[in-house]
Amino acid sequence: MKRNLKIFNGILFVLLVILILSPIVLDDQFILNVLIQILMYATIATAWNLLGGYAGQLSLGHALFFGIGAYTATILHINYGISPWLGMIIVVAVCIILCAIIGLPTFRLKGPFFTLATIAFAEVARHLALYWRELTNGSVGINIKFDPSFTNMIFQKFDTYYLLILLLLVVTLFITYCIDRNKMGYYLKAIREDEDAAKTLGINATKYKMYALILSASITGIVGVFYAQFILFFEPESVFNINISAQVALIAIVGGMGTVFGPLLGAFIVIPLNELLRATFPEIHGMNYFIYGVLLIVIIIITPNGLYPILKKLWLRFFVKDSSKGAGN
Amino acid sequence: MLLLQTLIAGLLLGGMYALISMGLNMILGVVRIINFAHGEFLMIAMYLSYLFFIWGNLDPYVSAILIVIILFFIGALTQKLLIEPIIDKPAPTKIFATLGLSIALQNLALMVFDANYLSVKTSYQTSVVTLFNLSISVPRLLAFVVAILVVIALYYFLQKTMVGRAIRAVSMQRTAAHLMGINVKRIYMVAFGIGTALVGVAGSMLLPIYSVFPTVGASFVLIAFVVVVLGGMGNMFGAFYGGLIIGVVESFAGVLISPGVKEIVYFIIFLLVLLIKPAGLFSKGKGSEEVGL
């Protein structure tokens, strides 16, 4: 059983390697752009999954950390000349402070308080960014000068961005994998399944939920930094948008919450679907998102546990049948 | 005088927030689901009111009766078709079912009506009554009076009628209510219907004051979330007072600081409530903490 799963994960690993090599072979700017988007969302969704999938704390406000990443690093870069690479560290610090403000009051409560708090915080950040014009340029948004250099984290070619976000994704997947195999993963799952029982067994639930939140938020913030340096223009509506928060959670859920590779799988389904719908109905406003919303309901009802467990089950069934035949001979 | 004027403006606004939040809280308290599509039901009510006005020349206050009935059935159907099949599924499923509905409805409106701001023109729209040197907008005053009447009617319905008692019983203990012979599924439909019907009232009352556009519900539903936490999850009348409080706070924040910061003020209140009294300002016990997703 365990060995079969290893092979299964090995196949996924090979797919990952193909991913690394594909842009060099393809050399198509459009596909590369979509791939960067997919990997970006895959990274945030994997980070979201640490908190939502493993610890069972559903955030619908991850755009908060994404936007904080974009704004903090860019403002520091433009106003004080601090390199976005250094900015990442400051972004992580800001995210930790935000996590404390959100997590400390809500993690001791049961019920949907955490979810509501994350929505509220993301919305407030959006309004703050719109209101505080001296700092954020308000609804006009921030334009980053295209000045390629390593310290500016701005690159001539998409390839570099691609490898950068891929690296970030692999690191995030690795962290998830380690947590999944480690006692922290078991703690988080115990908290998700029954918090009271977990506490009775001596798990400090608030502390571990906090760890998961901080990790999740920090990675999302770093992706926000990447996004700003990649897209070079953003505004409050484009980074603090609740649709980003919802999309991230959706990707993790479609792929499979509480699994290492589920969110990655989800990103490869949801983002291309989104692009496809947008390309198919360009003239009717709202048509693509209408279908998207309907599909969302249908997918959620049909496969509440996501696609990764289904794939895994199919693989195991196929493989177990095969091996039993071998034993018969 | 300015303070009193601001207070009245806030209370009038708060009446609308109270109606919307009470609908949300009814669904949350009874069906135990956060209805993320709640704002979209408000949007539907406003568009219906607009269409009745344009096609049937019906005044928004007259068509309100029709809209309440239509919205009740839309809510009951939503419960039957969308929520009932997933009522025992894990929390993310429930959240994303209503979130998906919200996205679909918003964009359906975008497809049908485009992103234009639509509004109606009525004779009384800009009329003002003056009382002791205070000027009060007539449609806003009417909206507030209707909100109060609806709240009183709802109170009697919940306290005195059999269905009302059944709704309260289900919200307290669904298993025990079921054992007492209450048809829980039907009560869910009725509660969801009433929740959306309340939004129908709010939408009808809002149309003479606001414009309608596909995302009009989003801003109101965020306020409703804050109000619900402020008043206590599942506590219907907590939501009423909470709505009035938020209305007054918004009004004062707009006058004293700047209209752009009102959301930031809500959020500070939201956070303080979570820190100090998470069960809500008007709750006796810790009942609201038990409202799981």
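User: Why are α13(A) and α14(A) called oblique to each other?

Analyst: In this predicted model, the axes of helix α13 (residues 262-280) and helix α14 (residues 287-302) of chain A cross at roughly 140 degrees and come within 8 Å. Angles over 145 degrees count as roughly antiparallel, those under 35 as roughly parallel and those from 65 to 115 as roughly perpendicular, while the rest count as oblique. The value of roughly 140 degrees falls in none of the three named ranges, and α13(A) and α14(A) are therefore oblique to each other. The crossing in which α13(A) passes α14(A) is right-handed.

User: What makes the contact of α13(A) with α14(A), and how do its residues divide by class?

Analyst: On the side of α13(A) the contact is made by Asn274(A), Leu277(A) and Arg278(A), and on the side of α14(A) by Asn288(A), Ile291(A) and Tyr292(A). By class, these residues divide into 3 nonpolar, 2 polar and 1 charged.

User: Why are α9(B) and α11(B) described with another word, roughly parallel?

Analyst: These two helices of chain B pack at an angle of about 30 degrees, with their axes 9 Å apart. Angles under 35 degrees count as roughly parallel, and α9(B) and α11(B) therefore earn that description. Their crossing is left-handed. In this contact Ile223(B), Val226(B), Val229(B) and Leu230(B) of α9(B) meet Tyr266(B), Ile269(B), Phe270(B), Val273(B) and Leu274(B) of α11(B), and the class count comes to 9 nonpolar, no polar and no charged residues.

User: What makes chain A as compact as a globular protein of its length?

Analyst: The radius of gyration of chain A is 20 Å, and the globule rule gives 20 Å for 329 residues, so the two values are close and chain A is as compact as a globular protein of that length. The secondary structure of chain A comes to 15 helices and 2 strands, and its C-alpha trace spans about 75 × 55 × 40 Å along the principal axes. Buried residues make up 48% of the 329 residues, and residues 24 or more positions apart account for 76% of the contacts with a separation of 6 or more.

User: How do you know that the radius of gyration of chain B agrees with that of a compact globule?

Analyst: For 293 residues a compact globule would have a radius of gyration near 19 Å, and chain B has 19 Å, which agrees. Along its principal axes the C-alpha trace of chain B spans about 55 × 45 × 35 Å, and 52% of its residues count as buried. Its secondary structure comes to 11 helices and 2 strands, which follow the pattern α-α-α-α-β-β-α-α-α-α-α-α-α along the sequence.

User: Which helix of chain B gives the most to the side that touches chain A?

Analyst: The contact between the chains takes 41 residues from chain B and 35 residues from chain A. On the side of chain B, α4 (91-113), α9 (216-231) and α11 (262-276) each supply at least two residues, and α4(B) gives the most, with 15 residues. The residues on this side divide into 32 nonpolar, 5 polar and 4 charged.

User: Why is Asp114(B) called exposed, and Leu232(A) partly exposed?

Analyst: A residue is exposed if 12 or fewer other C-beta atoms lie within 10 Å of its own, buried if there are 20 or more, and partly exposed in between. Asp114(B) has 12 C-beta neighbours inside 10 Å, and therefore counts as exposed, whereas Leu232(A) has 15 such atoms within 10 Å and is therefore partly exposed. Asp114(B) lies in the loop between α4 and β1 (128-131) of chain B, and its phi is near 65 degrees, a positive value in a residue other than glycine. Leu232(A), in the loop between α10 (205-231) and β2 (233-234) of chain A, also has a phi near 65 degrees, again positive in a residue other than glycine.

User: How do you know that Gly164(B) is partly exposed?

Analyst: Gly164(B) has 17 C-beta neighbours inside 10 Å, a count that lies between the limits of 12 for exposed and 20 for buried, and Gly164(B) therefore counts as partly exposed. Gly164(B) lies in helix α6 (residues 162-172) of chain B. Leaving aside its neighbours within four places in sequence, Gly164(B) is in contact with Phe157(B), Leu158(B) and Gln159(B).

Methods. Residues are numbered from 1 along each chain as its sequence is written. Chains are lettered from A and ligands numbered from 1 in the order in which they are written. This is a predicted model: local features need pLDDT of at least 70, side-chain atom pairs count only at pLDDT 80 or more; totals for chains, interfaces and linings use all residues. Helices (H or I, at least four residues) and strands (E, at least two) are DSSP runs, numbered from the N terminus. The radius of gyration is taken over C-alpha atoms; the globule rule is 2.2 Å times the number of residues to the power 0.38. Two residues are in contact if their C-beta atoms, placed from the backbone, lie within 7 Å. Ala, Val, Leu, Ile, Met, Phe, Trp, Tyr, Cys and Pro count as nonpolar, Asp, Glu, Lys and Arg as charged, and the others, Gly among them, as polar. Axes are lines fitted to C-alpha atoms, for helices over the stretch in contact, and angles run from 0 to 180 degrees between N-to-C directions. A crossing is left-handed if the near helix is turned anticlockwise from the far one by less than a right angle, and right-handed if clockwise.
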